[in-house]
Amino acid sequence: MTPLTVTHSPLGLPARVTRIGGVVRRDFAALRRSPIRMFEIVFWPTIELLVWGFVTVFLQSQQVPFVVAFLIGAVLLWQVLQKASNEISIAFLEDIWSRNLLNVQVSPLSTVEYVIGLILFSFGKVVFAIAVMAGLALAFYGFGVTSFGAGLVPFMALLLVMGWSLGLVGISAVLRFGENAQVIAWSLVFVVQPLAGIFYPVDVLPEPLQAVAAFLPATHVFTGMRTVLDGGAVPWGELAWAAVLAAGYLAATLGVFAWTLRYARSHGKLSRFGE
Amino acid sequence: MTILEATALAKRFGAVTAVHEVSLDVGAGEIIGLLGPNGAGKSTTLHMLLGLITPDSGSIRMFGLDLERHRIEVLSRINFAASYVDLPGVLQVREVLDVFARLYGVRDPKARVGELVELLDLGPLRKRKVMELSSGQRTRVQLAKALVNEPSLLILDEPTANLDPDAGDRIRSLLVRVARENGRAMLITSHNMQEVERMCDRIHFMSAGRIVASGSAAELTDVYSADSLEEVFLKVARARPEVARP
Ligand SMILES: Nc1ncnc2c1ncn2[C@@H]1O[C@H](COP(=O)(O)OP(=O)(O)OP(=O)(O)O)[C@@H](O)[C@H]1O
Ligand SMILES: [Mg+2]
């Protein structure tokens with residue numbers, strides 16, 4: 001076999017890093033060339049923040065006893081989960097929409113490299129959007145993300161990882177069931193919304209749903225958030241359990257993604273998108 | 001030297017047998033044509049060679065490696081272009097090429113993009129978005145993408161299908177030049193018989209999922225006592241009237 005000259009040796013680390021960099025650059029360039037999408041990164045989070053912010057203003061004017069920070073904090077952290085999930089699916093769906101999927105699939109990019117690339121880029125976008133929202137929350141409602149204390153980083157990290165898992169499930173659904181399953185990619189994260197006790201404690205849920213909620217990493221994050229905002233300590237034990245769950249789900253959904261990719265290849269689905 | 005060796009490939013989609021017992025090989029620097037009527041199984045065959053479709057049975061070896069087990073190594077050495085795929089439309093031409101240079105693990109993406117821009121005469125298009133380009137211009141960008149890793153084998157599925165005769169002719173000249181100068185092998189499908197006659201060292205005719213005739217253009221016209229490859233095509237295609245026409 002003649003040696004490759006123009007490319008790195010395909011299995012070496014430099015080649016892998018270069019390929020992952022390709023995924024990140026592609027998404028970054030697409031974002032840069034599409035001002036509408038730049039605008040969208042901050043549009044929805046800002047709208048949500050405004051709506052819930054005004055709700056808190058109203059409730060306060062009605063002398064309803066509650067903690068403003070619970071709602072604003074919840075809106076901020078919810079965006080982490082939702083964005084992490086949707087950004088991953090969008091990056092994949094864009095290849096389908098632009099009929100570029102086959103080009104990516106015949107490249108030497110491995111499944112894991114592809115996912116790492118998607119994750120890195122979505123990480124950047126989420127951090128950017130949250131930074132903008134955090135600024136607005138401080139300016140409008142005097143809510144600083146520092147109120148999360150030492151919980152800030154683990155809260156966000158757990159929600160990011162859970163969001164990526166949901167995003168991978170969304171992509172897998174599209175690979176398995178075809179383009180119409182896009183709906184699943186968009187809406188899956190909203191199944192979590194009522195269950196994870198985002199705007200209210202999980203105690204208000206019926207017993208069986210509480211049991212389900214206990215298995216969602218997000219539930220423990222939002223419970224922890226309320227504890228911290230209420231002046232309590234970060235519940236590290238509970239967060240550790242959430243981390244185990246989140247890592248387990250990420251590994252499992254990576255497995256599902258790899259399986260659906262094999263399914264799509266054996267059923268000739270990859271060349272049938274967009275038709 | 002054989003760089004691709006496919007043996008007894010088969011693929012069914014439900015009740016349809018898309019490919020049946022197809023074996024073919026490609027030597028270094030060879031240009032091989034795959035011809036046949038619509039639905040003959042050409043694209044399915046190419047997609048199996050690219051790892052996009054898993055064969056039901058048969059084996060694919062490239063550069064002495066089994067495709068299934070050495071996917072990354074094999075895919076690093078080949079590339080693909082087709083009339084039915086596109087590149088991300090919002091990206092500029094140079095960005096697309098840079099991205100694919102990286103996806104193929106190119107050491108110096110910037111330098112490589114510069115070379116490709118030169119080779120395919122893309123200078124004036126460098127900063128244009130892909131979606132703004134004409135079909136002919138897009139085909140050139142796609143070919144640049146397909147050459148980004150200096151592939152030893154180029155798999156091209158109807159690369160000139162969307163082009164006017166002039167643009168098609170330019171692309172053909174370019175492909176022949178690239179193959180001859182750099183010793184790249186090509187496996188190409190086309191419905192343009194002159195194109196195939198002009199470019200290909202060997203031709204395989206497919207019909208209803210099988211290879212039914214093989215040889216150089218001259219050999220095939222001889223065997224079928226035909227005046228042109230087009231006549232061979234019609235004879236081969238009509239030899240099996242039970243083949244479903246779309
Ligand atoms: N993903 C798929 N799912 C189901 N059937 C398929 C799939 N891909 C191909 N087929 C069927 O397999 C047969 C061969 O199709 P293929 O696309 O390989 O033909 P082709 O020779 O490339 O034709 P054309 O010249 O029209 O491009 C056809 O009957 C087609 O309907
Ligand atoms: Mg075809």
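B:D86 and B:R138 are joined by a salt bridge whose closest N and O atoms lie 3.1 Å apart. B:D86 sits in the loop between β6 (78-82) and α3 of chain B and B:R138 in helix α5 (residues 135-146), so the bridge ties together parts that are 52 residues apart in sequence. The model is predicted. Over all chains, the count of salt bridges comes to 25, and the count between chain B and chain A is 4.

**Salt bridges within chain B**

- B:D86 is buried because its relative accessibility is 12%, under the 20% limit for that class.
- Its partner B:R138 has a relative accessible area of 22% and is therefore partly exposed.
- A further salt bridge joins the side chains of B:R172 and B:E195, with an N to O distance of 2.3 Å.
- B:R172 belongs to helix α6 and B:E195 to helix α7 (residues 193-199) of chain B, so this pair ties together parts that are 23 residues apart in sequence.
- B:E195 has a relative accessible area of 2% and is thus buried.

**Surroundings of B:R172**

- Helix α6 of chain B, which holds B:R172, covers residues 165-182.
- B:R172 counts as buried because its relative accessible area is 9%.
- Leaving aside residues up to four places away in sequence, B:R172 touches B:T160, B:P165, B:N192, B:E195, B:R198 and B:M199.
- B:E195 thus appears among the contacts of B:R172 and is also its salt-bridge partner.

**Interface of chain B and chain A**

- About 3,900 Å² of area is buried between chain B and chain A.
- Carbon and sulfur atoms give 60% of that buried area.
- Chain B brings 44 residues to the contact, and chain A brings 41 residues.
- Between the two chains there are 4 salt bridges.
- The rule for polar contacts finds 18 residue pairs across this interface, with both residues at pLDDT 80 or more.
- On the side of chain B that touches chain A, the elements giving two or more residues are β1 (2-13), α2 (71-76) and α3 (93-103) of chain B.
- Of these, α3(B) gives the most, with 7 residues.

**The pair B:E95 and A:R32**

- What is the N to O distance in the salt bridge between the side chains of B:E95 and A:R32? The distance is 3.5 Å.
- This pair crosses between chains, from helix α3 of chain B, where B:E95 lies, to helix α1 (residues 13-32) of chain A, where A:R32 lies.
- B:E95 is classed as buried because its relative accessibility is 9%.
- A:R32 has a relative accessible area of 43% and is therefore partly exposed.

**Nonpolar surface patch on chain A**

- A:F215, A:W241, A:V244 and A:Y249 make up a nonpolar patch on the surface.
- Together these four residues have about 400 Å² of accessible area.
- One of them, A:V244, is part of helix α10 (residues 236-266) of chain A.
- A:V244 counts as exposed because its relative accessibility is 54%, over the 50% limit for that class.

Conventions: Residues are numbered from 1 along each chain as its sequence is written. Chains are lettered from A and ligands numbered from 1 in the order in which they are written. This is a predicted model: local features need pLDDT of at least 70, side-chain atom pairs count only at pLDDT 80 or more; totals for chains, interfaces and linings use all residues. Side-chain values use heavy atoms; hydrogens and water are left out. Patches are made of residues with over 30% relative accessible area and no salt bridge: like charges are joined within 9 Å, nonpolar side chains (Val, Leu, Ile, Met, Phe, Trp, Tyr) within 5 Å. Accessible areas come from the Shrake-Rupley method with a 1.4 Å probe; for residues, only the protein chains shown count as cover. Helices (H or I, at least four residues) and strands (E, at least two) are DSSP runs, numbered from the N terminus. Buried means under 20% relative accessible area, exposed over 50%, partly exposed in between (1.4 Å probe, protein chains only). Contact means heavy atoms within 4.5 Å. Buried area is the accessible area (1.4 Å probe) that two parts lose on being put together, summed over both. A polar contact is a pair of N or O atoms within 3.5 Å; within protein, one must be able to donate a hydrogen and the other to accept it, and residues adjacent in sequence count only if both atoms are side-chain atoms.
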